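Work through the exercises below with the coordinates open, attempting each task before reading its solution.

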Amino acid sequence: MTTPNKKILFLPGDGIGPEVMRQVARLIEWLEKRHVATFTVTEGLVGGAAYEKHGVALTDETMAAALEVDAVMFGAVGGPQWDTLPFAVRPERGLLRLRKEMELFANLRPAMVFDALVEASTLKPEVVQGLNIMILRELTGGVYFGEPRGIETLPDGSRRGVNTQVYTTSEIHRVARVGFELARKRHHRVCSVEKANVMESGVLWREEVQKLHDAEYPDVELSHMYADNCAMQLVRNPKQFDVIVTDNLFGDLLSDCAAMLTGSLGMLPSASLGGADSSGNRKALYEPVHGSAPDIAGKNLANPLACILSFAMLLRYSFDMGTEADIVEKAVENALAHGIRTGDILQPGTDQVSTVQMGDAVLHEMDRLSTS
Ligand code: NAD
């Protein structure tokens, strides 16, 4: 059955961004050809590409377009040719502006280990085989934004640096709510992570997550863990987790730690979600975790799977197309199981393919899955 038209803004950006995003465009064509859904895809410039044409990393028009669509699909920004630009027009300002104006407070970073790539992890296969956890990081509050902040010179001439960890009840509730909702679609378990043993903001975090749970999500199993223990548990026994919800600082560290359990940057998707409107729709931006990889850009070498898996998240979270998201993820798994690899995930006995050929392989598997 065809579902209503869905609006997506494509922002391919710089370096390998456009190459990996082209493979996502092919998946959209595939879905449209099979009358699964119709999409209206518009495209804009961001990062260095926008700077070259307009002198800024994101124009007001592109920002307005991002606020108007159902979902933004983002490639990557940056490159050495823009490294010396003033901070205000640097490529990453484009992404920061999108996050800020779309109020994307919830950052979803799944860490999944595909069976075929289990050897790519630095951990023992039995520790990571079948791993599928979700780290949910609060993205717009906490110590990265708290006031007061700055560096001051004290009367004795020494200097003092200050940052402030600050969270309000509503900031904690809105991200915890996303965590509980995610858990309901997964294995019904949330682990809330802070440092309530040494930080008042952590005490508040723990109390408020518990309150929200008791009032609205008693069907989800909630546990609490200190962030330092969580870091240890992630490398000791990561499969104990389902959804981890945590603040901006701890989420920054723990999501990178969890990412490396999977062993490869070219495989990591992410989503950033904003608040729900009256009909339950959220502003959302989907992007691979990797950067613009200038060293391999334009060579048809990049692994498009992180971007493709980000698109699967888009289908699942923005359009409630869980069946199609499953097909995309399964197609990726099957392509890997057949030994098809881009250079970054090459192993003995597997075949190195180009970016486009990896796209071909995923589409081929999607064909097979939809006819079987
Ligand atoms: P990077 O992620 O671009 O690359 C790190 C290494 O991983 C490189 O060797 C690269 O070739 C490889 N790699 C990354 N993605 C790959 C893929 N899909 N397939 C195969 N190999 C891949 O990080 P970096 O080198 O630190 O940064 C390069 C540029 O990207 C910088 O300008 C940086 O500011 C920017 N950056 C942007 C984002 C973003 O847009 N969200 C994130 C990180 C870095």
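**Exercise 1.** In this predicted model, decide whether Asn300 counts as buried, partly exposed or exposed, and describe its backbone.

*Solution.* Begin with the relative accessibility of Asn300, which is 30%. Buried would require under 20% and exposed over 50%, so Asn300 counts as partly exposed. Next, place the residue: Asn300 belongs to the loop that runs between strand S12 (282-288) and helix H10 (305-318). Finally, turn to the backbone, where Asn300 shows a positive phi of about 60 degrees although it is not a glycine. Most residues other than glycine have a negative phi.

**Exercise 2.** Examine the loop between H6 and S8, asking what phi His188 adopts and which residues Arg186 contacts beyond its neighbours within four places in sequence.

*Solution.* His188 sits in this loop, and its phi is near 60 degrees, a positive value in a residue other than glycine. With a relative accessible area of 31%, His188 is partly exposed. Arg186 lies in the loop as well, between helix H6 (169-184) and strand S8 (189-194). Once neighbours within four places in sequence are left aside, Arg186 is in contact with Asn132, Ile133, Met134, Asp242 and Val243. For Asn132 the atoms can be specified further, since the side chain of Arg186 reaches the backbone oxygen of that residue at 2.9 Å.

**Exercise 3.** Determine what kind of peptide bond joins Glu147 and Pro148, and where Pro148 lies.

*Solution.* Read omega, which is about 0 degrees; the bond joining Glu147 and Pro148 is therefore cis. Pro148 itself is found in the loop between strand S5 (132-138) and strand S6 (150-153).

**Exercise 4.** Characterise the packing of helix H11 (residues 322-337) against helix H12 (residues 355-371), and then consider Glu329.

*Solution.* Take the geometry to begin with: the helices pack at an angle of about 115 degrees, their axes being 8 Å apart, and H11 passes H12 in a right-handed crossing. The contact involves, among others, Ile327, Val328 and Lys330 of H11 together with Met358, Ala361 and Glu365 of H12. By residue class, the contact of H11 with H12 divides into 11 nonpolar, 1 polar and 2 charged. Glu329 also has its place in H11, and at 17% relative accessibility this residue counts as buried. Not counting residues up to four places away in sequence, Glu329 touches Phe114, Leu309, Ala312 and Arg316.

Methods:
Residues are numbered from 1 along each chain as its sequence is written. This is a predicted model: local features need pLDDT of at least 70, side-chain atom pairs count only at pLDDT 80 or more; totals for chains, interfaces and linings use all residues. Side-chain values use heavy atoms; hydrogens and water are left out. Axes are lines fitted to C-alpha atoms, for helices over the stretch in contact, and angles run from 0 to 180 degrees between N-to-C directions. Helices (H or I, at least four residues) and strands (E, at least two) are DSSP runs, numbered from the N terminus. A crossing is left-handed if the near helix is turned anticlockwise from the far one by less than a right angle, and right-handed if clockwise. Contact means heavy atoms within 4.5 Å. Ala, Val, Leu, Ile, Met, Phe, Trp, Tyr, Cys and Pro count as nonpolar, Asp, Glu, Lys and Arg as charged, and the others, Gly among them, as polar. A polar contact is a pair of N or O atoms within 3.5 Å; within protein, one must be able to donate a hydrogen and the other to accept it, and residues adjacent in sequence count only if both atoms are side-chain atoms. Buried means under 20% relative accessible area, exposed over 50%, partly exposed in between (1.4 Å probe, protein chains only).
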